[in-house]
Each structure stands twice: as structure tokens, then as C-alpha cells.
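The following paragraphs lead through the interior of a protein structure, from single buried residues to the cores and enclosed spaces. The reader is invited to keep the sequence and the model at hand.

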Amino acid sequence: MKKQIPLVLVTGFLLFNLPFNVFANTAEERGLAIAKEIDRRDTGWDDQKATLVMTLRNKHGDETNRENRMSSMEVKGEGDRSLIIFDTPKDVKGTAFLSHTHALESDDQWLLLPALKRVKRVSSSNKSGPFMGSEFAYEDISSQEVEKYSYKYLKDEVINGRDAFVIERFPAYKKSGYKRQLVWVDKEYYQPLKIDFYDRKNSHLKTLAYHDYKQYLGKYWRTSRMEMENHQTGKSTTLTWKKYEFKTGLKNRDFNKNALKRAR
Amino acid sequence: MLSTRRFKRLLPLMLLLSQSITLSLANEWTGNLSAETRGFAEKATLTDQSQFYGSISLHPEYYHEWENGVQSLTASVFARKSFQNESRSHIDLRELYWTFVSEDWELRVGVRKIFWGVTESQHLVDIVNQTDFVESFDGEEKLGQPMVNLAWIQDWGTLDLFILTGFRQREFPSSDARLRTELVINSDEALYESDQEKSHIDFAIRYSHVLGDWDIGLSLFYGTSREPRFELVNAGSNVKLVPYYDIINQTGLDVQATLENWLWKAESIYRNGMGENYIATTFGLEYSFYDIASTGLDIGLVTEHLYDSRQSTATNAFENDLMLGLRFALNDTQSTEALAGIIQDIDGEATVLSLEANRRIGDQIKITLEGYLFSHTDNQDLLYSFRNDDYVQLELGYFF
């Protein structure tokens, strides 16, 4: 009688090895497998809220702050939905930005102009332009769906004392300002530690470093500080995240045009 | 005086607000204080008019929510003191309303400002609020409207029902103002088709929905027209213009398609009850170039065609006109923006040129430059009385 391996063990073995399964042979397959694992581990948080402070710094070191509140929710089979409300500068206070992300199709975006009480549908073709005058582009802060890039695994490397995979990714969506990005992915958090951005002429444009990861709900890793440096202009932006909240009960209904109209 | 009368009416409401402030913690005050100066290039056409005008304005806003945002109270007041123009010194309760938000409906009761529509050059569909004509002649500023509004939010769209309780009449520039008709319009003697005059209750319904790249809105309005017709009244040796407000029915449609860098926009109304029945439309296109040469600069090209089936008997100046606009956004730390526009009468020769540019200074001050030029306005055109009213305006606003 042939001894059969229990099915539980087989599936357990497969699951355990998921990011490096036997099919991930080529560098492209390994890169994609890592991206999928990043996505898989960051699924199930339902919705989240946070406040973020943007510190804009010019090349002389002069600083100015921008305060925002952001809420977002996961949508199964689609990209995330998010709402950003601007608190400062005071002249744009109450301006709010609603975004329905799609993997490859263009996102749906609406802007609330509070002085006019007007909600405007805006073009989402502006991917590479500065977000609120910062060194972050819209494409840097929008939801990172797996399908948005093609991938290539390059190597393993230790960065700031942490083990990381280095993958190269190439935007698959239209109107990106980048030819490619190098991403250092932490092997424990499955979150980026650093991203090097290369512009369309393939010269090194910006570097983004992620600091002070904290774990929430015993599962989800979130950065507390992101430092973006523009090597071509000498300008930089710090994004400080505070007051993370998860599973707050936000619904679809909190991310439509009506919700945008009453955003405060 | 009208403004003091309004102020007295506001006083109890202000007291009510200050009481709720002491009781709650989540209350929030914001607003702005602005100083504005306007200089006219040419000598005044009419007596009483000045060359330079200066004014200051205050616009405080209050917001308080409780029950985790299920209920909220919103209030804002706009007040301006002009040193040369009597009618422009005014105070208006822009908003004072209570909101209740439920799972699939929202109820709002009180004075509100709402906006309907998609186009830039004129707002045909936007009928709920009266235009604040002494504040701005371009129709962008609105007076607060008392109402009860129930919004029903479903997967198939949003249905808004409005009961508009009480009519706000349009105020017109006094004799010392520029940008006015030759005959001063006397709004205190306004005439109404309805015997109920200002207390006529108006109704509106709006359906709006998003279908992929398309944002659509369909609206019905029954009640007092926000836009008056005018009657010539002989008062002894003087002749004066008196506004006449009809009871109208208006059906409105607004559509925008957002296709990559293109925006396609259309607004159309069908109105009856105000002289002959008529149709008016605005059809527009907008194309934007983003992050030009990786500098962050955006340039948008806007064009709109304005049409009114009444042609020369139209009550506005845009019966067959073309608007071209150029929008710049630097996307810098100071949010520098500019909008240049031209409206050309296709049948006549009248041309209106406009420029608006603004930039933030520091974190709380915004500077705005605005200019208007009226040329080739022949005496058949409604813009004829603006022929010598080219101006440049500088505004400094402090935001808190």
C-alpha cells in the first residue's frame, strides 16, 4: 500500500512557500510574486483613517506645513477609494479630494471647492504633477495596485540593518512621470523601505525613504514618516502620518459625491 | 437702511450660535478678512460714479457636529463695507442650517448655498440661490436661500427634493456704482406675478448620478424666477426701472464626460412663464496639458458656446457668444494660478476680456488680481452701459 501524504500537509507546504513558489523561476515571476505577497498581506484592513502633515522644504531649507486628513477603504476586485480633506493652508481649508482608484483604467476623481459649494469631476490624467506643491506626485500617494506595474526581482540586500528584496518595477499605466522605480521591500514587513524614482529620461529624479514602521491590529505595518528628496531641484517633502485608525466602519456611501459635498 | 434691518434679523441667530459655542467642544471657526481696491481706466459715463473704489469684507464661518457627524450645524455670514458705493455695503446670511445624515438619506433645514452645473462661463441650470449682484456682476456670488432639502441616496442615483421657503430678491447697484445700467434699478419696488410676492413657496427636484466617465444631472424647478424682467415706471419727471418677477417652470440638464485630458460639458434649460418659452444652452470643451516638461505647470484650454433661443430679446448678454479661456496652475508652494478669458458676441461685435490671477503669500494671506475689459459694445448690446467700465482690482485676503 502506497503511503499518501496528507492533503493538509501539501496545502500547508504550498501556503508556507507562497512568495517563492516553484513557479516563480524567472526574475519577472519572482518580482511579481513579491508584489502579490505585499498586496496579500495588506488585505483585509477594510478601511483606515489617518492625519498627515506635509512639510515642504525648498533648497534653502525654508519650511512650510500642510495638514490633511485622509480616509480610505478597500473595494474587493477594484482599486481602493480615498478621501483627502485639506485643513491648511487656511485659504484652501475644506477643499476635499475624492478618488476611486482603478488598476489600469484611469481613476475617477472629484474635487470639492467649498467657497462655491461646487463639486467638480476632474481629469485623472495628471499623474506626475506635484501634489499640493510637494515633491510627491499623485501617482506616488495613490493606491498601489499590483496590476499598475510590471516587475523584476534584482537581488537581496541589507539596508539600514534590515533584510530586503530589491525589485525593479515599470509603470503599466499611462502618463506616468517615471520610466522605472527601484523598490527595497522589507522581508518582515512586506512594505517598502526605500524607492528610487527614475524619470522618463531614466535619470535619478527622487528618493523616498520610509521610517518608523508600526504594526496595527497585529497585522498591518504602517510607516510613521516618509522622506521624499528631489535630486534635480534640491527640494524635499516630509510626510508625517498620525492617528491611524482601522476598521472604523466606513462604507461605499462615505466615498461618493454626496459624502464629498458634506466633507468637513 | 436695508443692511441694518438685515443685521437686526441676524442678531438673535448670532446669540444662539454664541450659546452653543460655550456648550460644545467641537465647534470650529474659520473665515477670511479682505481688503479690496478697484480702479477704472476711463472717466465715468454717469454722474455720481467714482474712479476708484475701496472696500473691506468679513466672511466668518462656523461649523459644529455631534453624534459622530450624524448631526451638524453650519453657519456663515458675509459682510462688506464699501467706502464709495452704497449698495455694495451689505450683509448677508449665506448659511445657517442643520444637517441630519442617515444611511441612505440626508435632511437639511435652514439657509443654504448650493451649486448645480458643470460649465464655467455661465450657470444656466443653477437656479436655487439668488445671484448676489451687488457683490459681483459676473453671477458667481450667491445669496443664502431658506429651504428644506431631503436627499435620497440610492445605487441608481441621488434624488434631491427642495422646498424653498421665501424668495430672496436681487439687489442692484446704486447710482454711485460703476458697472450698472444707465437707469438705476429700484429693487425696493419690485413687482411679482404671484400675489404672495416674496413669500411664495418654490419647489425643485434634482436627480444626479455618476455612470462611469459621465456625471449627469436633471432638474425641475417651479416658482419665482431668480432672474427678473424689468418695467419702465414713470415717477413724475423721472423714469425708473423696476424688477418684475415671473412664476416660471424650468427644466434643466447638465452633463459632463471626463475622458482622459478632455472634459466635455453641456448645460441646457427650457423655461416657460417668463415671456416667450425659450431654450438656452452652454456647450463646452476643456483640454488640459499636465506637468509640462516636468515643471509641474498645468495649462488648460477651455471653450464654450453660449446660446439663447430668444436671441436679441434675451434677458442676458449671451444669446450667441463664444468663450475662450486659458487656465494656468503652477502647482508651486504658493498655489499660483491664473485664468484669462474672452467672450465674443458672434452676431455683434461686443468683446469681454477678463484676467484673474492669485497667489498665496506665507501661510495665511492670498493676493488676487482681477481685470475686465469691455470693447466694441454697440448700443444694441446689453453690455453697452459697461463700455467705459474697464477696471483692475487688487484684493488681499487674510484667512483664519
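A residue is called buried when its relative accessible area is under 20%, and exposed when that value is over 50%. The structure shown is a predicted model, and this cut-off can be applied to several of its residues in turn.

B:Ser72 offers a starting point in chain B. Its relative accessibility is 5%, and therefore B:Ser72 counts as buried. The residue belongs to strand β3 of chain B, which spans residues 71-82. Once residues up to four places away in sequence are set aside, B:Ser72 touches two runs of the chain: B:Tyr63, B:His64, B:Glu65 and B:Trp66, together with B:Tyr97, B:Trp98 and B:Thr99.

Chain A supplies two further cases. A:Gly31 sits in helix α2, residues 27-41 of chain A. With a relative accessible area of 0%, A:Gly31 is buried. Apart from residues up to four places away in sequence, A:Gly31 touches A:Tyr151, A:Lys152, A:Tyr153 and A:Ile167. A:Leu154 lies 123 residues from A:Gly31 in sequence, yet the C-alpha atoms of the two are 8.0 Å apart in space.

A:Met228 is part of a strand, β14 of chain A (residues 225-230). Its relative accessible area is 1%, so A:Met228 is buried as well. Beyond its neighbours within four places in sequence, A:Met228 is in contact with residues that include A:Glu135, A:Phe136 and A:Asp140, then A:Phe197, and then A:Lys206, A:Thr207 and A:Leu208. Its contacts also include A:Lys235, A:Ser236 and A:Thr237. Between A:Met228 and A:Asn65, which are 163 residues apart in sequence, the C-alpha to C-alpha distance is 15 Å.

One of the contacts of A:Met228, A:Leu208, leads on to the nonpolar cores. The largest nonpolar core comprises 48 residues, and A:Leu208 and A:Trp241 have the most contacts inside it. Strand β9 of chain A, residues 178-186, gives the most to this core, namely 5 residues. Outside its own stretch of up to four places in sequence, A:Trp241 touches A:Ala50, A:Thr51, A:Leu52 and A:Met70, as well as A:Thr223, A:Ser224 and A:Met226. A second core, separate from this one, has 17 residues, among them B:Leu306, B:Ala317, B:Phe386 and B:Tyr391.

The enclosed spaces complete the picture. There are 4 cavities of 30 Å³ or more in the structure, and the largest holds about 220 Å³ of space. Its lining consists of 18 residues, and those nearest its centre are B:Arg38, B:Asn85, B:Arg88, B:Val134 and B:Arg178. Two elements of chain B, β1 (28-40) and β2 (52-66), each give two or more residues to this lining; the largest share, 3 residues, comes from β1(B). By class, the lining of the largest cavity has 8 nonpolar, 5 polar and 5 charged residues. Both domain 1 (1-59 + 76-93) and domain 2 (102-267) of chain B contribute at least three residues each to the lining.

The second largest cavity encloses about 110 Å³ of space. Chain A lines this cavity with A:Ala115, A:Leu116, A:Lys117 and A:Arg118, while the lining from chain B includes B:Lys113, B:Ile114, B:Phe115 and B:His123. B:Asp126, B:Asn129, B:Glu140 and B:Lys142 also line the second largest cavity. Its lining residues divide into 4 nonpolar, 2 polar and 6 charged.

Technical notes:
Residues are numbered from 1 along each chain as its sequence is written. Chains are lettered from A and ligands numbered from 1 in the order in which they are written. This is a predicted model: local features need pLDDT of at least 70, side-chain atom pairs count only at pLDDT 80 or more; totals for chains, interfaces and linings use all residues. Side-chain values use heavy atoms; hydrogens and water are left out. On a 1 Å grid over the protein atoms alone, a cavity is a set of points where a 1.4 Å probe fits but cannot get out, and a pocket is an open set with protein on both sides within 12 Å along at least five of seven lines; lining residues have an atom within 4 Å of a point. Grid points are joined across faces, edges and corners, and a volume is the space filled by probe spheres set on the points. Helices (H or I, at least four residues) and strands (E, at least two) are DSSP runs, numbered from the N terminus. Ala, Val, Leu, Ile, Met, Phe, Trp, Tyr, Cys and Pro count as nonpolar, Asp, Glu, Lys and Arg as charged, and the others, Gly among them, as polar. Domain bounds come from an automatic or database domain assignment. A nonpolar core is a set of buried Ala, Val, Leu, Ile, Met, Phe, Trp, Tyr and Cys residues joined through side-chain atoms within 4.5 Å. Buried means under 20% relative accessible area, exposed over 50%, partly exposed in between (1.4 Å probe, protein chains only). Contact means heavy atoms within 4.5 Å.
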